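Colleague: Hi! Could you talk me through this one?

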Number of protein chains: 2
Amino acid sequence: DGYKPVSTAAAVPMRRRRVVSVRAEAQAINPEIRKSEEKVVDSVEVAELAKPLTAYCRCWRSGTFPLCDGSHVKHNKATGDNVGPLLLKKPKQ
Amino acid sequence: DGYKPVSTAAAVPMRRRRVVSVRAEAQAINPEIRKSEEKVVDSVEVAELAKPLTAYCRCWRSGTFPLCDGSHVKHNKATGDNVGPLLLKKPKQ
Ligand code: FES
Ligand code: FES
């Protein structure tokens with residue numbers, strides 16, 4: 001009767017679980033293209049398009065920006081995103 | 001002499017500072033435009049452009065996507081980003 005069992009919970013208190021809330025903050029979508037420019041704007045003289053179809057990047061991951069080089073595929077796979085280029089179509093002459 | 005002062009630090013131990021490291025994971029850049037589509041691609045028949053200058057969105061925040069409605073300004077301010085539209089220029093006829 002001298003021995004009184006204690007519950008494990010009382011003897012070895014669980015370390016209190018800290019809930020760390022991390023607010024998802026708005027993030028830049030352009031990691032590295034022309035970061036010295038205040039705003040990256042590009043112009044296309046549509047009369048000067050060389051090919052019937054030209055793809056322009058909207059994922060900010062292209063190595064040939066402002067043109068699309070297909071890098072959106074890797075970005076979409078890595079993030080579950082669904083972005084793709086803007087296609088400029090020129091009529092055949 | 002029966003009273004022995006203790007340092008506050010000893011009496012109330014500082015809670016150990018937990019360093020929480022949060023890895024920055026690759027993130028989607030399109031929060032809500034046409035998420036039912038596997039890949040958002042748009043085409044422009046450049047011969048059908050109505051105005052001398054048309055701005056196409058590359059920030060994925062426009063309410064008139066694929067056109068730019070100026071929402072890149074708010075995105076840039078909120079995030080420190082530097083993205084802007086693609087301008088399509090049609091020669092005056
Ligand atoms: S590489 Fe950016 S949209 Fe294709
Ligand atoms: S609103 Fe997206 S680039 Fe202007």
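Colleague: Which way do strand E1 of chain A and E3(B) run, and how many bridges join them?
Modeller: Strand E1 (residues 40-45) of chain A and E3(B) run parallel, and 5 bridges join them. Two strands pair here if DSSP finds at least two bridges between them. Helices (H or I, at least four residues) and strands (E, at least two) are DSSP runs, numbered from the N terminus.

Colleague: What is the bridge partner of Val44(A) in E3(B)?
Modeller: Leu88(B) is the partner of Val44(A).

Colleague: Before I go on, what sort of model is this, and how are things numbered?
Modeller: This is a predicted model, where local features need pLDDT of at least 70 and side-chain atom pairs count only at pLDDT 80 or more, while totals for chains, interfaces and linings use all residues. Residues are numbered from 1 along each chain as its sequence is written, chains are lettered from A and ligands numbered from 1 in the order in which they are written, and side-chain values use heavy atoms, with hydrogens and water left out.

Colleague: Thanks! What rotation superposes chain B on chain A?
Modeller: A rotation of 180° with 0.1 Å of shift along its axis does it, at an RMSD of 0.3 Å. That is the relation of a two-fold axis. In chain B, Arg58(B) has the C-alpha nearest the axis, 2.3 Å from it. The superposition is by least squares on the C-alpha atoms of residues with pLDDT of at least 70 in both copies.

Colleague: How many residues does each chain bring to the contact?
Modeller: Chain B brings 48 residues and chain A brings 46, with contact meaning heavy atoms within 4.5 Å. The copies meet through the same surface, because 96% of the interface residues of chain B are also interface residues in chain A.

Colleague: And what area is buried between the chains?
Modeller: About 3900 Å², with carbon and sulfur atoms giving 57% of that. Buried area is the accessible area (1.4 Å probe) that two parts lose on being put together, summed over both. In chain B, Ile29(B), Arg58(B) and Asn82(B) lose the most area to chain A, together 19% of what that side buries.

Colleague: How many salt bridges cross the interface?
Modeller: The rule finds 4 between chain B and chain A, while a search of the whole structure finds 8 over all chains. The rule asks for a side-chain nitrogen of Lys or Arg within 4 Å of a carboxyl oxygen of Asp or Glu. Asp42(A) forms a salt bridge with Arg58(B), the closest N and O atoms being 2.8 Å apart. That pair crosses from strand E1 of chain A to the loop between strand E2 (53-56) and H2 of chain B. Lys35(B) and Asp81(A) also meet in a salt bridge, at 2.9 Å from N to O.

Colleague: Switching topic: where does Thr79(B) lie, and which residues does Thr79(B) touch?
Modeller: Thr79(B) lies in helix H2 of chain B. Not counting residues up to four places away in sequence, Thr79(B) touches Ala26(A), Gln27(A) and Ala28(A). Its side chain reaches the backbone oxygen of His75(B) at 2.7 Å.

Colleague: Last one: which peptide bonds are cis?
Modeller: A cis peptide bond joins Phe65(A) and Pro66(A), with omega about 10°. The bond from Phe65(B) to Pro66(B) is cis too, with omega near 10°. Pro66(A) is in the loop between strand E2 (53-56) and helix H2 (72-79) of chain A.

Notes. Polar contact = N/O pair within 3.5 Å; in protein donor to acceptor, adjacent residues only side chain to side chain.
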